[in-house]
Amino acid sequence: MELLGILKESPALKTLFEDCMAGRSGFTADHFDAQVRKWIGLSSSTALRWITYRGLGGEVDGVMALGMSDEACKAFLMYACGERAVRELLLRLPRDHWVELKYVAEWMRNGITELIDVQEENKEDETVYKVTGRRRGRRSVIEHMVDGSKDGVLAEVRSLLRETSCRTRRYFAIEGDLLCLRAVEDGLAIHWLLYTPELKSDPLGHQLYEQACLQEVPRACLSGGLMAKLTTTRPVPRVIAVVETGVRSLTHFQLGSRSVLLIAENIANPDNLGMILRTADAAGAEGVMVVGEGSDPFHKNCIRAARGAIGRLPLLYCDNLRTALHAFVAKGTQVIGATGSAQETLWQLDFRPPLLLLVGNEQNGLTKEVLEVCTHQVRIPMVAGQDSLNVGVAAGILLYEIQRRLYAGCSRRDMRVNSIVK
């Protein structure tokens with residue numbers, strides 16, 4: 001869809017662009033394509049694509065212009081209502097391609113550096129910033145044939161997956177045809193796609209292989225026996241994708257005016273943590289922060305249960321949860337702890353985003369120290385016979401109720417917060 005069609009669909013967004021660009025020479029919404037071409041240095045013969053990210057209710061939550069020249073991929077991140085919109089748009093940039101990206105709000109930078117290895121950056125004027133660098137992930141038109149257990153590709157893969165010392169950047173393995181296909185189609189930063197010859201024997205595996213070739217994802221073919229040495233999963237998967245992702249400190253994360261950030265404390269079961277991440281992804285959460293001993297979002301069971309959420313959904317950490325929550329409370333942010341002992345039920349609490357929603361350990365719930373900081377505590381009402389729900393189910397009920405209230409109580413979004421208007 002061209003930008004004019006997007007603006008006709010979203011009058012609030014059209015007004016935002018017109019107000020923001022009113023001081024720029026020659027700007028009119030009807031000629032916006034030509035103006036953007038000029039700003040990002042595209043010739044009239046180069047195709048300009050308008051990429052949108054839509055929220056849970058179908059509204060436009062982010063807009064990016066994208067053009068491919070001989071020298072680089074040139075893009076203009078023009079509007080994003082929050083961190084998730086930034087990430088979703090940037091995942092559309094081609095892997096391992098040189099990128100010149102302009103963007104319109106300083107808070108976007110942290111999300112940009114997670115997906116672009118920035119080599120140069122500057123501020124062009126009062127409203128536009130620019131970074132230059134390579135989109136993370138790799139490209140290769142050459143297919144590698146693994147010739148033994150000492151093959152260099154296998155040594156590299158083992159090294160990447162063992163590296164856990166860097167807190168803000170991790171490599172992890174996605175196993176199985178469907179999840180690997182999603183990783184390819186979602187634009188995740190894949191470094192290697194390892195597969196056995198059997199992969200191409202059925203339609204789904206063939207589709208994955210064709211997509212990987214089309215997007216120039218680096219591929220390596222190996223025997224089932226060598227694949228079995230890379231994973232403890234049985235039966236041995238036919239394909240594994242090695243993916244890079246970022247994990248950001250909560251202090252460097254921007255909450256939008258309608259953001260819901262989910263915090264999972266001390267979740268012991270990786271399958272439950274994966275369910276939480278999957279649900280948060282589906283329900284439009286801005287991101288998920290995982291805290292506590294034994295809570296590892298990169299455990300293979302968690303990755304499998306998350307069904308593609310890891311790598312797409314922003315993941316966060318903090319050094320001291322109680323201190324971090326105090327900082328949000330001081331700013332007037334709602335901090336809501338889910339607990340069976342709460343007086344207020346889900347139906348009674350007045351949710352006022354931006355907010356933080358916390359769920360706790362399967363057996364013990366949220367810790368006392370965390371509950372003491374929460375501005376509100378909430379419980380899910382249940383009839384007699386049950387006194388608790390699976391933590392993933394509980395997170396889903398709460399997240400969807402919050403989103404239902406948001407969409408029911410607001411006919412249109414406040415487009416001016418966290419966007420190109422200062």
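**Figure 1. E362, a partly exposed loop residue.** At 28% relative accessibility, E362 counts as partly exposed, since that class sits between the buried limit of under 20% and the exposed limit of over 50%. This view, like the others here, comes from a predicted model. E362 belongs to the loop that runs between β17 and α13 (368-373). Which residues does E362 touch once its neighbours within four places in sequence are left aside? They are N266, I267, A268, N269, N272 and V391. Look for E265 here too: 97 residues separate E362 and E265 in sequence, yet their C-alpha atoms are 9.7 Å apart in space.

**Figure 2. N266 and its positive phi.** N266, one of the contacts of E362, is worth a view of its own. It sits in the loop between β12 (260-265) and α10. N266 isn't a glycine, but its phi is positive all the same, at about 55°. Is N266 buried, partly exposed or exposed? With a relative accessible area of 23%, N266 is partly exposed.

**Figure 3. Helices α10 and α14 side by side.** Here we have helix α10 (residues 270-282) and helix α14 (residues 391-408), whose axes come within 8 Å and cross at roughly 15°. Angles under 35 degrees count as roughly parallel, so α10 and α14 are roughly parallel to each other. The crossing of α10 past α14 is right-handed. On the α10 side, the residues that meet α14 are N272, M275, I276, T279, A280 and A282. Facing them from α14 are V391, G392, V393, A395, G396, L399 and Y400. Two of these names may ring a bell: N272 and V391 are also among the contacts of E362.

**Figure 4. A second helix pair, α7 and α8.** Helix α7 (residues 177-185) packs against helix α8 (residues 203-214) at an angle of about 25°, and their axes are 10 Å apart. How do α7 and α8 run relative to each other, roughly parallel or roughly antiparallel? They are roughly parallel. This time the crossing, α7 past α8, is left-handed. From α7, the residues in the contact are D177, L178, C180, L181, V184 and E185. From α8, they are L204, G205, Q207, L208, Q211 and A212.

**Figure 5. E216, in the loop that follows α8.** Move on from α8 and you find E216 in the loop between that helix and β10 (219-221). Its phi is near 55°, a positive value in a residue other than glycine. E216 has a relative accessible area of 25%, so it is partly exposed.

**Figure 6. H97 and the residues around it.** H97 is in the loop between α4 (83-90) and β4 (98-103). Is H97 buried or exposed? Its relative accessible area is 16%, so H97 is buried. Leaving aside neighbours within four places in sequence, H97 makes contact with M68, A72, C73, G133, R134, R135 and R139. Take R139 from that list: H97 and R139 are 42 residues apart in sequence, and 8.2 Å apart in space from C-alpha to C-alpha.

**Figure 7. Helix α3 and the glycine just after it.** Helix α3 covers residues 32-40, and its buried residues are F32, Q35, V36, R37, W39 and I40. Just past α3 comes G41, with a positive phi of about 80°.

**Figure 8. Two cis peptide bonds.** The bond that joins R234 and P235 is cis, with omega at about -5°. P235 is in the loop between α9 (224-228) and β11 (239-249). The peptide bond from P353 to P354 is cis as well, with omega near 0°. P354 is in the loop between β16 (344-345) and β17.

**Figure 9. The chain overall, and how far to trust it.** The chain has 14 helices and 18 strands, and 55% of its 422 residues are buried. Of the contacts between residues at least 6 apart in sequence, 72% join residues at least 24 apart. About 18600 Å² of the chain is exposed, with carbon and sulfur atoms supplying 49% of that. Confidence averages a pLDDT of 89, and 89% of the residues score at least 70. Where is confidence lowest, and where is it highest? Helix α2 (residues 11-20) has the lowest mean, at 62, whereas strand β17 (residues 355-359) has the highest, at 98. One stretch to view with care is residues 411-422, where the pLDDT is below 50. In the model, that stretch still has 43 contacts beyond near neighbours in sequence.

Terms used
Residues are numbered from 1 along each chain as its sequence is written. This is a predicted model: local features need pLDDT of at least 70, side-chain atom pairs count only at pLDDT 80 or more; totals for chains, interfaces and linings use all residues. Side-chain values use heavy atoms; hydrogens and water are left out. pLDDT is the predictor's confidence in each residue, from 0 to 100. Helices (H or I, at least four residues) and strands (E, at least two) are DSSP runs, numbered from the N terminus. Contact means heavy atoms within 4.5 Å. Buried means under 20% relative accessible area, exposed over 50%, partly exposed in between (1.4 Å probe, protein chains only). Accessible areas come from the Shrake-Rupley method with a 1.4 Å probe; for residues, only the protein chains shown count as cover. Axes are lines fitted to C-alpha atoms, for helices over the stretch in contact, and angles run from 0 to 180 degrees between N-to-C directions. Angles under 35 degrees count as roughly parallel, over 145 as roughly antiparallel, 65 to 115 as roughly perpendicular and the rest as oblique. A crossing is left-handed if the near helix is turned anticlockwise from the far one by less than a right angle, and right-handed if clockwise.
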